[in-house]
Amino acid sequence: MRVLIVGGGGREHALAWGVSRSPGCDALFCAPGNAGTALLLRETGLGGNLPVGAEDVPGVVAAARAQAIDFVVVGPEAPLAAGMADALCAAGVLAFGPSRAAAEIESSKWFAKRTMREAGVPHAAGESFADPAAAHAFIVETFPDGGPVPVIKADGLAAGKGVIVPASMAEAHAAVDDLLGGRFGAASATVVVEERLTGMEASAMALVDGETVLPLPLSCDYKRALDGDRGPNTGGMGVYSPPGFLGSDAWSALLDSIHRPVARRLRETGRPYRGLLYGGLMVDDAGAARVIEFNCRFGDPEVQVLLPQLRSDLLALLLACAEGRLESARPEWSGEAAVGVVLASGGYPGAYETGHRITGLDAVDPGVLVFHAGTALDAAGEVVTGGGRVLIVVGLGPDLATARERAYANASRIEFEGRHYRTDIAAREL
């Protein structure tokens, strides 16, 4: 089978790594990919990167036809929200990823909240506003001084940076003005003001083929830039799996209360969901979970610690999802713990420089994985920085302590100008 993976981040490098190990993969391409996918595809001889942007829907369709692609795996949310899966289907190419209508579960936070209300899914209560005065009045009426400060969210896609967690009511009002004032363009033309949930965050991802919902291992990512959950939100600075604060029977309850009702509601409203349904959860001290957000694709960096735990064929699993055959799928997992540490460019998630040479990649221990996110190859063929989140170093082990030690020991060997990373990933479990 000839496969094309759309995207150029760490998620897509991990997907390419997993698919390349499948005996059913005869050829593999990435559009546009990164230095990590280029090196992987060169080493395996399966294919290469294609000079097509991840959000270029016509370009991806044309590339799929030109390369006689049988199956396209769409990684990021933006092309899914733009209808890439629909366009590929119309062109007769099988695709992994939800339709544009179903992807609205991520592309509109207000649509997601309405869907959860209708499905009876526990979530953070809130309201949507396009008028600043109405939003300010809602904050004053609903969130009294001295109580919990609300969270302010851009309704649309903002590359993981559209959620503002204010420290005070004054900051909440300022966030409303900032977002509705055009900070993220059309993505923040509407904002959602919602209650702040407290507890432990967890990522609950499941494959959905329209009917069947198949869970992946649970994980926890770290959104804030600095240790101790300080600093601005990012796309994710690290992740670990499994979370010790969720019991072994947690998934059954989550599927029945969250994923299955949402999948059913989307199907009932003419938006059958096929792809990866990601529930970002807040778990309170009693173990009860409420949804913070939904994503319509694999989490990044979560998938980078989950796929190394998969012992069965990733390509076969993705195909079963896309073709509506998940009911018979029986994926095997190693049961190992995994910890991933993101190495970021100086200044991220704000302004940062690129083009800095990366050293130490050849010093990584066997069994430790390094997935590229924001990397490129320079004219001399050297790997250089090309984005905010540059690499993620993944350690595996029989327990979190071992996995964490392996991840950090190897992360410290990789260097580039301005490199920074959090030092507390998974520490709370230990």
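Which strand gives the most to the lining of the second largest cavity? In this predicted model, the answer is strand β20, residues 389–397, with three residues. The report starts from that cavity and then turns to the sheet, the pockets and the salt bridges.

## Cavities

A search of the whole structure finds two cavities of 30 Å³ or more. Rolling a probe the size of a water molecule over the atoms shows where empty space is left.

The second largest cavity has a volume of about 40 Å³. Its lining is made up of D300, P301, Q304, V342, A373, R389, L391 and I392. Sorted by class, this lining holds five nonpolar, one polar and two charged residues.

The largest cavity has a volume of about 60 Å³. It is lined by K109, A112, K113, M116, K153, E194, I292, E293 and F294. Two elements, α7 and β15 (289–295), give two or more residues each to this lining. Helix α7 provides the largest share, four residues. By class, the lining of the largest cavity contains four nonpolar, no polar and five charged residues.

## The sheet that holds β20

Strand β20 also belongs to an open sheet of five strands, in the order β12-β13-β16-β20-β17 and with antiparallel pairing. Strands β12 (220–226) and β17 stand at the edges; each has a single partner strand, so one side of each is left without a neighbour in the sheet. From one strand to the next, the twist averages 25°. Strands of a sheet pair through backbone hydrogen bonds, either parallel or antiparallel.

How many bridges join β17 to β20? There are four, and the two strands run antiparallel. H372 has L391 in β20 as its bridge partner. L391 is also one of the residues that line the second largest cavity.

## The second largest pocket

H372 appears again in the second largest pocket, where about 480 Å³ of space lies. This pocket is lined by 20 residues, and those closest to its centre are L39, E43, L361, V370 and H372. The elements that give two or more residues to the lining are α1 (10–20), α2 (35–44) and β17. Edge strand β17 therefore takes part in the lining of this pocket as well. By class, the pocket lining has eleven nonpolar, five polar and four charged residues.

## Salt bridges

The whole structure contains 21 salt bridges. The table lists three of them, with the distance between the closest N and O atoms.

| Salt bridge | N to O distance |
|---|---|
| E12 and R11 | 2.7 Å |
| R265 and E118 | 3.0 Å |
| D365 and R413 | 2.8 Å |

Are E12 and R11 buried or exposed? E12 is buried, with a relative accessible area of 2%. R11 is buried too, with a relative accessible area of 7%. Both values count as buried because they lie under the cut-off of 20%.

R265 forms a salt bridge with E118. The pair links distant parts of the chain: R265 lies in helix α10 (residues 250–268) and E118 in helix α7 (residues 109–119), 147 residues apart. Helix α7 is also the element with the largest share of the lining of the largest cavity. R265 is partly exposed, with a relative accessible area of 24%. E118 is partly exposed as well, at 47%.

The side chains of D365 and R413 meet in a salt bridge. This pair, too, links distant parts of the chain, with the two positions 48 residues apart in numbering. D365 sits in the loop between β16 (337–344) and β17 (369–372), while R413 is in the segment after α13 (400–411). D365 counts as partly exposed at 32% relative accessibility, and R413 is partly exposed with a relative accessible area of 32%.

Which residues do salt bridges that share partners join into one network? They are E77, E106 and R297.

Notes. Residues numbered from 1 in each chain as written. Predicted model: local features only at pLDDT ≥ 70, side-chain atom pairs only at ≥ 80, totals over all residues. Heavy atoms only, no water. Salt bridge = Lys/Arg side-chain N within 4 Å of Asp/Glu carboxyl O. Buried < 20%, exposed > 50% of the residue type's maximum accessible area, 1.4 Å probe, protein only. 1 Å grid on protein atoms, 1.4 Å probe; cavity = no way out; pocket = protein on both sides within 12 Å on 5 of 7 lines; lining within 4 Å. Points joined across faces, edges and corners; volume = space filled by probe spheres on them. Nonpolar A, V, L, I, M, F, W, Y, C, P; charged D, E, K, R; others polar. Pairing = 2+ DSSP bridges. Axes fitted to C-alpha atoms, helices over the stretch in contact; angles between N-to-C directions.
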